[in-house]
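Here is a short set of exercises to work through with the model open beside you. Try each task before reading its solution.

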Amino acid sequence: MFQRILVANRGEIALRVIRACKELGIETVAVFSEADRGAHYLQLADEAYCIGNPPAGESYLMINRIISAAEVGNVQAIHPGYGFLSENAHFAEVCRDCKITFIGPTHEAMQKLGDKVSAKEIAKAAKVPLVPGSDGVVTSEAEAVAVANRIGYPVLIKATAGGGGKGMRVAMNEVSLQAGLKGAAIEAEKAFKNAGVYLEKYIERPRHIEVQIIADTHGNVCHLWERDCTLQRRHQKLVEESPGPTLTREVRDEICKAAVRLVKEAGYTNAGTVEFIFDQKENKFYFIEVNARIQVEHPVSEMITGIDLIKTQIRVAAGEELPFKQKQIPQNGASIEVRINAEDPAHGFRGSPGTITKLRVPGGLGVRFDSHVYQGYTIGPYYDSMIGKLIVHKPTREEALACMRRALSEFVIEGIQTTIPLLKEIFNNSAFIKGEVDTTFIERELLPQKP
Ligand code: MV4
């Protein structure tokens, strides 16, 4: 096992990783930008190094500085958290070359899955259902038109280097397909330095289901069941829950097994998420992409299984075998997470920086709040607006909903604007309570006005 780990992240996830390390008896080295000087997670770490200016490109994204801190701090491993360098295959490769264990998949697996067309090839080989679409990158307008005519409109244009919904375009007919292809390729070239795009049949009003997996370096792969992350706004998830409220036992078993097959086929190790869209009309799921990192919403899977995913990531990165078999992983009760963001709903959800002048956090049986903020904390304008995650766990979904309503009503955050009012509205919405929503629900039903 490692004696010392560097945490290449900030905020809530840095705190989460440091806590897991402490319980494992592992020392931690934290890094921080000038904007995070004095942050709470630095106090809990054994050592902390400043790595640059507030903009992420001048600190948390600088591979050379993080590797320098790892060398000076004398660590054996780096945990990347989520965001920043967590899915950067080059960073994982540099870590390996410097003889520092990257706590995540190998750079080869990351590269294969980071390219969406190559990820779909792996899924196909593993007999995981794919959305009808082009066979790889489309190389001409004529080819794209032929594919669209075969699968039928609407079609979705996606960037092979994209992901998380970045650079996607819907085409309703041949005219919008031609315009969309050009626009998407230009955008993809700009954003990812890769203009490759592919086509998929656009599944209207789907649910977003993902499967948490964890794999060791000895060939063992387990899933920790699914999460339903359907409620989102502009590709920012708002609510995540497990079990998925609409899945039958048969579909749940199939989707979890499909995720495990894909991960085995890719030679993937450590924690990851296989993302699917679920067509409610057809009761069918389709593979979309793999997220090769620990995700924000990992706690709901921890609550229902009782497994600490961060500790397990560290153990398998150190070469240990998974300490459980698939049959020993329960799906106990229901867990729901909401993301609390410092955003102003009255102004199109723009970031709401400022100082938290008053903070009262809910508690009680089955309530967990993972957050780096405290009363007096100042939220700067530089990073993600998420200030914490409120997670509940109860025997049934109905009880979890009631618990979340109660917890949200106890929350007091003054000095900044937050998404709590929107979350309260969601938990009182009858369609959401009944599980009758899709990925367009928030923007279609709750926030129909233009920002
Ligand atoms: C789709 C889709 C419908 N049809 N693919 C969005 C995130 C990225 N990982 C994949 N995403 C989607 N892919 C097909 N073939 C719907 C989504 C999607 C979505 C699309 C538009 C607006 C919001 C969305 C939220 C979740 C999923």
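**Exercise 1. Find the loop that holds P154, and describe the peptide bond before this residue.**

Step 1. P154 sits in the loop that runs between α7 (141-151) and β6; helices (H or I, at least four residues) and strands (E, at least two) are DSSP runs, numbered from the N terminus.
Step 2. The bond from Y153 to P154 is cis, with omega near -5°.
Step 3. For background, most peptide bonds are trans.

A word on the model: it is predicted, so local features need pLDDT of at least 70 and side-chain atom pairs count only at pLDDT 80 or more, while totals for chains, interfaces and linings use all residues. Residues are numbered from 1 along each chain as its sequence is written, and side-chain values use heavy atoms, with hydrogens and water left out.

**Exercise 2. Describe the peptide bond that joins S242 and P243.**

Step 1. Look in the loop between β13 (239-242) and α9 (249-266), where P243 is found.
Step 2. The bond joining S242 and P243 is cis, and its omega is about -5°.

**Exercise 3. Work out which residues and strands surround the ligand.**

Step 1. The shell has 17 residues, and K158, E200, K201, I203 and E275 are the closest; a residue counts as near if one of its heavy atoms lies within 4 Å of the ligand.
Step 2. Sort the shell by type: seven residues are nonpolar, five polar and five charged. Here Ala, Val, Leu, Ile, Met, Phe, Trp, Tyr, Cys and Pro count as nonpolar, Asp, Glu, Lys and Arg as charged, and the others, Gly among them, as polar.
Step 3. At least two shell residues come from each of β6 (155-159), β8 (197-201), β14 (270-279) and β15 (284-291).

**Exercise 4. Locate the ligand relative to the domains.**

Step 1. The domain assignment, which is automatic or from a database, gives domain 1 (4-103), domain 2 (132-201) and domain 3 (207-446).
Step 2. Domain 2 and domain 3 both give residues to the shell, so the ligand lies between them.
Step 3. The C-alpha centres of these two domains are 29 Å apart.
Step 4. Seven residues of domain 2 are in contact with four of domain 3, contact meaning heavy atoms within 4.5 Å.
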